[in-house]
Each structure stands twice: as C-alpha cells, then as structure tokens.
Amino acid sequence: MDFAPTPEQEILRKSVREFAEAEIRPKVQQMDETDKVPMDVLEKMAKLGFIGVMVPREYGGLGMGHIARTIVLEEVGRVSAAMANTLQITHLGISPIASDGTEDQKKKWLPVLARGEKLSTFAVTEPTGGSDVLGIQTTAKLEGDEYVINGRKCFISNSHIAGVLGILAKTGEGTKGLTVFVVQSDFPGFRPGREENKFGLRGCNTGELVFENCRVPKENVIGKEGDGLRIALSAISNVGRPGITCAALGIIRSCLEEAVRYSKQRVLYGKPISELQAVQWNLTDIYMDYEASRLLTYYSAWLRDKGERCDAENAIAKFSACEAAVRCAKKTIDIFGAYGCMRELAPQRLLRDAELLISGAGTSDIMRLVMARKALTLA
Amino acid sequence: MPPVNSIVCVKPVPDPRYWSELALDPATKTLRREGIPVVLNPLDRHALEEALRIKETFGGTVTAISMAPLTATDSLREAIAIGADDAVLLSDKSFAGADTLATAYVLAAAIKKLGRFDLILCGNQSLDGGTGQVGPEIAEFLGVPHVAYVRKIDLPEQGIARVERGLEYGYMVVEARMPLVLSVVKEINVPRHVSLMRISEAMQAEVRVWASRDLDVDSSRIGLSGSPTQVADLFIPETKRRGEMMRGAPDVVSKLLIERLRELGVL
C-alpha cells in the first residue's frame, strides 16, 4: 500500500496550485460579489488541459484518470469552490459521451469539449424530481428522425454557459423509460431560463433550462433509448459526486490554512491565540476532517481508476467531505470571531460555499441510502 | 533568420511559502532543506519563458540545465513540462559544497559539451543565494559576452542580440554578438503556466545525468575544493530598534544628529 504521490502527480498538483493562485485567487472576491463566471479564466484552464483531463488522448484530452482529476479539482477548490464546481460540471457533461457515446459522437463532441471551445453540463433535476430521478417530467417523443423535447430543468450548473448539454428525458415509463440526449445550445426550442441567485458558490452559474418543442436529431441519443437511468446514475456517481467531493476537500484545506494562519497572527492575552487550547482543539478538528476527507476522496478515486464499481465509496467520500466542509467552515468562523462574519474575509464564504455542496449530485440523505445498500451486505 | 538554440540554467530553490520552516544548521553553516518543497528559481522561470518565446519566433531548441542533487530530476521535468525540449542534470558528490565559481565552472563545462548554442539564459539571481554571479562567471569561462539585469531581448539580425539592461534609474541598450549569456529580471515577461498536456510527456522524457567523469573538468576546480569562497558563518541577524530623542531647533538638532551618526560609525 503506497500512499505517496508519484512525481507526475506532484508536478500536476504544483502546476494547478500555481495557476489557481495566480489566475483564480484575484477573481474570488469579485465572483462572490457579482456572481459572474470569469470566462477568461475558464478559457485559460481549457487551454492548459484542465477540462480535458480525463478525455482520452485520441480525442484531444489528457487521458489521465480519476486521481489526476481529483488533484486538479482539489487545488482549484482550495482557492475557489465555485470555480471547482464549474470545472467539475464540465467533466460531468463530457462523461456520458465518453462512456457511452458512439465513435461518431465521440469524434464530434469530445475534441471540442476537451479544448473548451464549448462548455458542457448534465441536466437531470426538475422541480418534480432530483433525488427522485424517476419523478422527472421532461419528455422526448420520437417524430420521424427527431425527438421533440418538452419540459424544464432546474438548479443546473453551467446552465447559461454550456454549449453542449446532456439532458435526461422521459421516453417511456419506469426505469427503462429514461434516455440521455445531447442538446446543443443553438437548437431551436431550447433556451436557458431563470438564473438562480444562490447564497454560495457564487460565480458558478446555476439556472433553469427550458425545452419548448426542442427538436433533437435521433443521432444525439447517447446509448440507446431507455439506457438513460443507467448512464445518468453512473455519470453522477463516478464523475459528478466525486467532483463535488473534491470541491469540498478544497474548502476544508482552505479552512485549515486560513484558521492556522489567522490563529498564529492574532494576539490576545499577550500571545497568539494558536497557543490557546480551545483554539488548538478547533484546529485539530479541522485537521482531522481534512486528513480523513482526503483519504476517503483519494481512495474512491483509486478504486475508480482500477475500474471497480464503487458507488458506496463515492457516496461515503461525498457525504463525509461535504458535511466536514460545513463543520470546518463553522469552526473557522469561530476561530476568527467577529472577523469571520465579514464579507471581505474568507471564512463566511467558505461556509456559504460548503452548504451548497451538500445538496449537489445527491443530498447527504441520498448518500446514506447509497451507503446503506452496501452496508447491508457486510454481514 | 536561422533558428536560435538556447540553453537555460535553472536551479531548484526552497519554496518561499515554506521559508519560515527553514532552519540553520550551526555546525555546517548551511540551511536544512530536508522536507521543504522546492520550486524552480522564480527568475529562472522568466529565463525559460524568454527562451521559449524566442523559439516560437525563430525556431530552434531550448535545453534546460542544472547543477543539483539527483532529486532535481523532477525540477528539470517541470522545465520540460513548461516547454523545454530536453534537460541535462549535472549531479555528482564531487560537485557538493560548490560556491558560485565552482558551480559556473561545471555548468560551463557541460555547456561546452552540449555544443553549439546561441544564447544562454539565466535568472539574474537565485532566491536562496542571491549573488547574481553564476551568469557572468559562465560567460567568462566560455569566453563570450554577458549582460545582466536584462529586461528585454531583441534579435534584429542573425548573430546579433540587442537587449535592454536595467539600471537603477532607467535602462541602457546593449548590442552584442551571439553567442552570449544573458541574466534576466522579472520585468522581461510573464512566465506561462505549466500545461497539463505536457506533464505526461515530461515524465516520459529522458533527463540526461552527467557526473564529473562525463565532463572535461579539473577535479581541483569543482565542489568544495574548487570554491575560493567559504561560508564563515550563517545566522539570522537580530534587528533591534533603539530610539534617541533629540530636541531643539532644526539647525541645532541636525548638527547633533550628524555628530551622533559619526560616533556610531554610520557616517
């Protein structure tokens, strides 16, 4: 069992951290205040390969695995969870095409997406179903050579900036009644709708998608009609959920650094507060949460790189890291005292960002259901 | 204009974010660097960037070279990931303890072995040593011109470099024949970020490692024995502030101040 990173992974981490500090950090406050996505930063990330990190090399990507993706997202998330979420959603949008697309579909979309010429997303959630995937009501009816899609999706990240969108729609009833389609943003009958005003992950665009007789060529079906539930749940479990986990891990890392740095500088009772036991207990709680979350996150990535099915492990990592991120952000605010509540400083933003991650890609309660299925087999 | 072949001297230095964890070893008068992450010397990143821009304009090759322990292989792979075509590491126990002169001697020997070059680019000084001596010393050993504090490089015609050399106030334009050594400052460019797309290739690339036996060097001129400067002491100076109040009319106080500064040896 070797926990040491490889030299390649070390260079990867160092390179992404350097980029994040130089290009993303100066934008973080502005993102939080304006809720605007810094498209120039996304463009730079695309050119450097951040978006195509797991796209196979023959389609213009880096062909790296889940551990490499985890490193990239953790380092971006350490500076901005909002940017990490934007990035990981592009990976999620790419995923069904890479896993279940035909050769023609892969050649058509993967190079464009890997280069960041178009961004992507994957849309499942509707007012009637998110946790309850079978509750979605967007329909897709075959008419000749096209499917006609009608419905609305909500709380979709990258809703207004994605050019290639994976959409889950009903083509029948029950578990075999869902199908994944690729919709391009210029298709007639498609438009982004309301843009949400979130209290966290600001600078990551989230909104509604509206389909009004949106015509989609039948060549844009991913897999076969009726494969949608399997494709969607696999993409969410293996790409979307871990992506959120990495953003949470980045938040916890940021909490640790902010809390340690502040506590060494802040002098009360004639000494830095880092020498007070109460503060040290908070710091060690954050430190333990960071190490534990990191192990769970990288372990599940390692399993995915081995090609093993690991829905439970993905769920454990997501639940643990996201809940820990909220805990650690709260403790960071406690260490900062009143300063922790000021909009100019990081801790309050970390808490707001962490809370948003809990409901993304499956709520904590849904993660418990996923874990329960595995836990019940262990004796 | 024919292609321009550049050699970039790079040095791994302690990551400045971890400097507070560096400790002085009072016995050996060196820094304890174990466990401290390293980065490419920041000014060497600017040198490498400039070499890459010249290559993108005129063609040619960029070779990164470093005299360092074997662990510096990773730093040289980083240079390849940034864009260098290849890399050479000069690593040997006999190189240890080298001051700037012995370091420059070995680097110059390796550069002679590499063969024809048009430009040698260095960062003006390293973050940890800060002497700024290695670039000029390499030039002397190679018998080529050298310009330091370079903030702009133009190659107006074959074999000629026209550079801006920064001065305390302003700059001077210097024209020199290639090959030559240029030590660059940070104002010269903004280094590119590492493209993740090159990392895998960089890990596969061969980093040539040359020991002293691979170079045409005199053993008395390398390492500690080849170093005319010896570190006598290494310490963190204590900075204390002392205040003295001088009261009176400006012309009286100014005379008092001058006398006091003379007493203290400042003037």
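Which residue just after α2(B) takes a positive phi? In this predicted model, in which local features need pLDDT of at least 70, side-chain atom pairs count only at pLDDT 80 or more, and totals for chains, interfaces and linings use all residues, that residue is Gly83(B), with a phi of about 150 degrees. Residues are numbered from 1 along each chain as its sequence is written, while chains are lettered from A and ligands numbered from 1 in the order in which they are written.

Helices (DSSP runs of H or I, at least four residues) and strands (runs of E, at least two) are numbered from the N terminus, and on this basis chain B has six helices and 13 strands. Its C-alpha atoms fill a box of roughly 70 × 45 × 40 Å, taken along the principal axes. A residue is termed buried if 20 or more other C-beta atoms lie within 10 Å of its own, exposed if 12 or fewer, and partly exposed in between, with the C-beta atoms placed from the backbone; buried residues make up 38% of the 267 residues in chain B. Two residues are in contact if their C-beta atoms, placed from the backbone, lie within 7 Å, and among the contacts of chain B with a separation of 6 or more, 71% are between residues 24 or more positions apart. The helix that precedes Gly83(B), α2(B), is mostly covered, eight of its 10 residues being buried, and the buried residues include Leu76(B), Ile80(B) and Ile82(B).

Nine strands of chain B form an open sheet with mixed pairing, in the order β11-β10-β9-β12-β8-β1-β6-β7-β13, where two strands pair if DSSP finds at least two bridges between them. The edge strands, each of which pairs on one side only, are β11 (171–177) and β13 (207–210) of chain B, and the twist averages 30 degrees from one strand to the next. At the β11(B) edge, seven bridges join this strand to the antiparallel β10 (residues 160–166) of chain B, with Arg165(B) standing opposite Met172(B). In the loop between β11 and β12 (180–184) of chain B lies Pro179(B), which is joined to Met178(B) by a cis peptide bond with an omega of about 5 degrees. Helix α3 (residues 100–114) of chain B lies across β1 (6–9), β6 (62–67), β7 (86–90), β8 (119–123) and β13 of chain B, and runs at about 145 degrees to β6(B); such angles run from 0 to 180 degrees between N-to-C directions, and axes are lines fitted to C-alpha atoms, for helices over the stretch in contact.

Between the chains, 12 residues of chain B are in contact with 13 residues of chain A. On the chain B side, α2 (73–82) and α5 (196–204) each supply at least two residues, and α5(B) gives the most, with five. By class, this side has six nonpolar, three polar and three charged residues, where Ala, Val, Leu, Ile, Met, Phe, Trp, Tyr, Cys and Pro count as nonpolar, Asp, Glu, Lys and Arg as charged, and the others, Gly among them, as polar.

A nonpolar core is a set of buried Ala, Val, Leu, Ile, Met, Phe, Trp, Tyr and Cys residues joined through C-beta atoms within 7 Å. Of the 186 residues in the largest such core, those that touch the most other members are Phe181(A), Ala248(A), Ile252(A), Ala325(A), Val8(B), Val106(B) and Leu107(B), and helix α7 (residues 228–265) of chain A gives the most to this core, with 16 residues. Beyond four places away in sequence, Val8(B) touches residues that include Ala47(B), Leu48(B), Val62(B) and Leu121(B).

In chain A, strand β5 (residues 178–184) is largely enclosed by the rest of the structure, because six of its seven residues are buried. Seven bridges join β5(A) to the antiparallel β4 (residues 162–170) of chain A, with Lys170(A) and Leu178(A) as bridge partners. β5(A) also pairs in the antiparallel sense with β8 (residues 221–222) of chain A over two bridges, and here Phe181(A) is partnered by Val221(A).Two loop residues of chain A other than glycine have a positive phi: Asp35(A), at about 60 degrees, and Ala361(A), near 55 degrees. Asp35(A), between α2 (28–34) and α3 (39–48) of chain A, counts as partly exposed because it has 18 C-beta neighbours inside 10 Å, whereas Ala361(A) has 29 and therefore counts as buried.
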